[in-house]
Amino acid sequence: MKTVLQKHINENLSFLKGKNLLIAISGGIDSAVLTHLFYQLNFSISLAHCNFMLRGKESKKDEQFVKELGEKLKVPTFTIQFETKKYALKNSISTQMAARDLRYNWFQKIIQENNIDFILTAHQKDDVIETFIINLTRGTGLDGLTGIPEVNGNIIRPLLPFDRNDILIYATKNKLQWREDQSNSSLKYVRNKIRHKIIPVLKELNPSLLDTFQNTLENLRGSQQIVKDCVQNVKKTVVTSKNQELHFNISLLKKLSNPKVYLYELLKNYGFTEWDDICDLLDAQSGKFVLSKTHRLLKDRGILILSKIVKLKKNTYFKIQENTTKITVPIQLKFEKIEVPFDSKNHQNKIFGELISNKNNTISIDFNKLTFPLILRKKQKGDYFYPIGLGGKKKISKFFKDEKLSLIDKENTWLLCSGNNVVWIIGKRLDDRFKISKSTSTILNIKL
């Protein structure tokens, strides 16, 4: 096994050579063998063990085993204890998903703080087919049927060429020690039911199951690549990027052979699950939307707008003090105060002429008409302003409607206020009451 792994690394994972590697070790046979192999191959390794505190004293013994192994091999060893059940309850997820989140977040923190290049996990062939069957029973696309990737960012799974029997033979032959997790035999977990009930039957039907399954995975991955290429070409046609949003052209989507499938492929990385509802947006009224935990897909006339959900407390506002020169939260604004010279009428008129021609992303206002601190906030019910050039006041809700702003545009628009008065609908329109005039002595330039 050691020779085969060395060959596999030389041919497929040569980038691991000379790197600092963090081995995720539970103490079980798979991770114990992974540790022994990479130690024997003289790689620079560290160990990382998570105690999820799910099995009482047994969890403590696993942690102690890893610590003692680290001391024996004289390699850096990191351990941590997680209150996994509390985390799962707080985030409304399963215990297994909670353990996964906690584990990988911690691993990434370790590598950032300790000059480590890659994380190694001990997944092997049997894990791949178990995951395949789990995903198949739950319903999935091609991504869920193409197995566990050997390389996923900085996470590497070098034991995928081997099965559970290979690992057991190696561990026995080399007289390795490991910890047996008794929960692996419990049938209350879906993976264990598949491992102990379904896989043996499949292997009885086909003794070469793992090898033929590997061929199936390769075929599926080939098909997956064709799909990705096709979706990428469609994306270039139907999707445009605008102001940190993605806009999907509905008429072009409808011309595709199967819009629902394409929408799934285009949106699957944004946490959506209600695919029928998403497809229904194509014919829905403007303003209808579908939410995931992180994103919103909104129907707005002839487009679907995908935007990230930014959660702010109701009536959140930000104060801007008189001497502020720049802010970056919640948006980026630059402030510049200019004293207008009165020694030259022509010079003053020139400055005035230049400033009143500024575009929507920059305004020039009369500093002395302002009351500090200025307030930056979202629209509230009843807000109005005096649009420059209109000669009267207008409700901001009416202004938004006339400008044909989408729901997302409305929600993303900030107001700059002086006291209760709106100075600037940022990026859109200045209030006439604060404009500069030939009598202005101090100008405040504000740039978005």
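## A walk through cavities, a pocket, a strand and cysteines

Welcome! Start with the enclosed spaces: the count comes to two cavities of 30 Å³ or more. Keep in mind as you go that this is a predicted model.

**Stop 1: the largest cavity.** Select Gly141, Leu142, Asp143, Gln224, Val227, Lys228, Tyr264, Glu265 and Lys268, the residues that line the largest cavity. The space they enclose comes to about 50 Å³. Now colour by helix: α7 (142–145), α10 (209–238) and α12 (259–267) each bring at least two residues to this lining. Which helix gives the largest share of the lining of the largest cavity? That is α10, with three residues. By class, you will find four charged residues in this lining, along with three nonpolar and two polar ones.

**Stop 2: the second largest pocket.** Next, select Ile408, Asp409, Glu411, Asn412 and Thr413. Of the 49 residues lining the second largest pocket, these are the closest to its centre. The volume of this pocket is about 1,700 Å³. To see its walls, show strands β8 (245–249), β9 (289–291), β10 (295–300) and β11 (303–308) together with helices α15 (396–402) and α16 (407–412); each of these elements supplies at least two lining residues. Helix α16 is the one to highlight, since six residues, the largest share of the lining, come from α16. Colouring the lining of this pocket by class gives 18 charged, 16 nonpolar and 15 polar residues.

**Stop 3: Thr362.** Move to strand β15 (residues 362–366) and pick out Thr362. Is Thr362 buried or exposed? Thr362 counts as buried, because its relative accessibility is 18% and the cut-off for buried is under 20%. Show side chains here, and you can draw a polar contact of 3.5 Å between those of Thr362 and Asn361. Then select Trp424, Ile446 and Lys447: beyond the neighbours within four places in sequence, these are the residues in contact with Thr362.

**Stop 4: the cysteines.** Finish by looking for disulfides. How many does the structure hold? The number is zero. Select Cys230 and Cys279 to see this for one case: Cys230 is in no disulfide, and its nearest cysteine sulfur, that of Cys279, is 17 Å away. A disulfide would need the two sulfur atoms within 2.5 Å. Turn on the surface and compare two cysteines: Cys230 is partly exposed, at 34% relative accessibility, whereas Cys417 is buried, with a relative accessible area of 0%.

Terms used:
Residues numbered from 1 in each chain as written. Predicted model: local features only at pLDDT ≥ 70, side-chain atom pairs only at ≥ 80, totals over all residues. Heavy atoms only, no water. Buried < 20%, exposed > 50% of the residue type's maximum accessible area, 1.4 Å probe, protein only. 1 Å grid on protein atoms, 1.4 Å probe; cavity = no way out; pocket = protein on both sides within 12 Å on 5 of 7 lines; lining within 4 Å. Points joined across faces, edges and corners; volume = space filled by probe spheres on them. Helix = DSSP H or I, 4+ residues; strand = E, 2+ residues; numbered from the N terminus. Nonpolar A, V, L, I, M, F, W, Y, C, P; charged D, E, K, R; others polar. Polar contact = N/O pair within 3.5 Å; in protein donor to acceptor, adjacent residues only side chain to side chain. Contact = heavy atoms within 4.5 Å.
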